[in-house]
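The following exercises concern pockets and surface in a single structure. Please work through each task before reading its solution.

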Amino acid sequence: MSPAARELLWRKAAVLGSLWAASEIILGSFLKNAQVPFAGVLLTGIGVAILVAGHRLWPEKGLLWRAGLVCAAMKSVSPSAILLSPMVAIFAEGVLAELAVRFVGGNAAGYIAAGGLAMSWGLVHKIGKLLLFYGPESLQVYVKGLEKLRDWLGRPGGVWEPLVFLFAVYFAAGAAAALIGMKAS
């Protein structure tokens, strides 16, 4: 790739990343201060829709991870008290979207996979933070809580069933956001 083409790709990524960052910073600050539940899911959905619509306009390799990097960098100037965790999540979402589009293709299936994977990162990120901050003992608390819930509901099931269900819900939300992005373009 020539230097001029690389510079143009970064400019396109800056456009997409800036739009995504604007929603993260402005709407995100409002939603977090208002303590709206699942605000991160809504913000990720907006980001997925922007990425998909932008990639349909400019179907270039490397656009999505660069847009994620730009958005994450711009998130650093957010008035929010917590910055590092959302910055890591935003960049990871851009990378996952890029990987999905590269492996599946710049088509409907690729965009749905990109949206689903990017949105599902939120669940993986939350579990990873729990393990990082509270250690493996947090898994034992999860298992004990799940066993009590199953006993209370009188419903048998495996330990992984709720996590698989949550992953499917997150993936479906990301796929819906990708469909919105495809409609918008």
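**Exercise 1.** Describe the volume and the lining of the largest pocket in this predicted model.

*Solution.* Begin with the volume, which is about 730 Å³ for the largest pocket. Next, consider the lining: 25 residues form it, and those nearest the centre of the pocket are Lys32, Gly40, Pro86, Lys126 and Lys129. Then assign the lining to elements; two or more residues come from each of helix H1 (3-33), helix H2 (39-57), helix H4 (84-104) and helix H5 (108-134). Finally, sort the lining by class, which gives 11 nonpolar, 8 polar and 6 charged residues.

**Exercise 2.** Determine which helix gives the most residues to the lining of the second largest pocket.

*Solution.* The second largest pocket has a volume of about 300 Å³, and its lining consists of 13 residues. Nearest its centre lie Ile127, Leu130, Leu139, Tyr142 and Leu163. At least two lining residues are supplied by each of H5, helix H6 (137-153) and helix H7 (161-184). Of the elements, H5 gives the most, with 5 residues. By class, this lining has 11 nonpolar, 1 polar and 1 charged residues.

**Exercise 3.** Is Phe133 buried or exposed?

*Solution.* First locate the residue: Phe133 belongs to helix H5. Then apply the cut-off, by which exposed means over 50% relative accessible area. Phe133 has 61% relative accessibility and therefore counts as exposed. Together with Leu130, Leu132 and Tyr134, Phe133 makes a nonpolar surface patch of about 520 Å².

Key. Residues numbered from 1 in each chain as written. Predicted model: local features only at pLDDT ≥ 70, side-chain atom pairs only at ≥ 80, totals over all residues. Heavy atoms only, no water. 1 Å grid on protein atoms, 1.4 Å probe; cavity = no way out; pocket = protein on both sides within 12 Å on 5 of 7 lines; lining within 4 Å. Points joined across faces, edges and corners; volume = space filled by probe spheres on them. Helix = DSSP H or I, 4+ residues; strand = E, 2+ residues; numbered from the N terminus. Nonpolar A, V, L, I, M, F, W, Y, C, P; charged D, E, K, R; others polar. Patch = residues over 30% accessible without salt bridge, like charges linked within 9 Å, V, L, I, M, F, W, Y side chains within 5 Å. Areas by Shrake-Rupley, 256 points an atom, 1.4 Å probe, with all protein chains shown as cover. Salt bridge = Lys/Arg side-chain N within 4 Å of Asp/Glu carboxyl O. Buried < 20%, exposed > 50% of the residue type's maximum accessible area, 1.4 Å probe, protein only.
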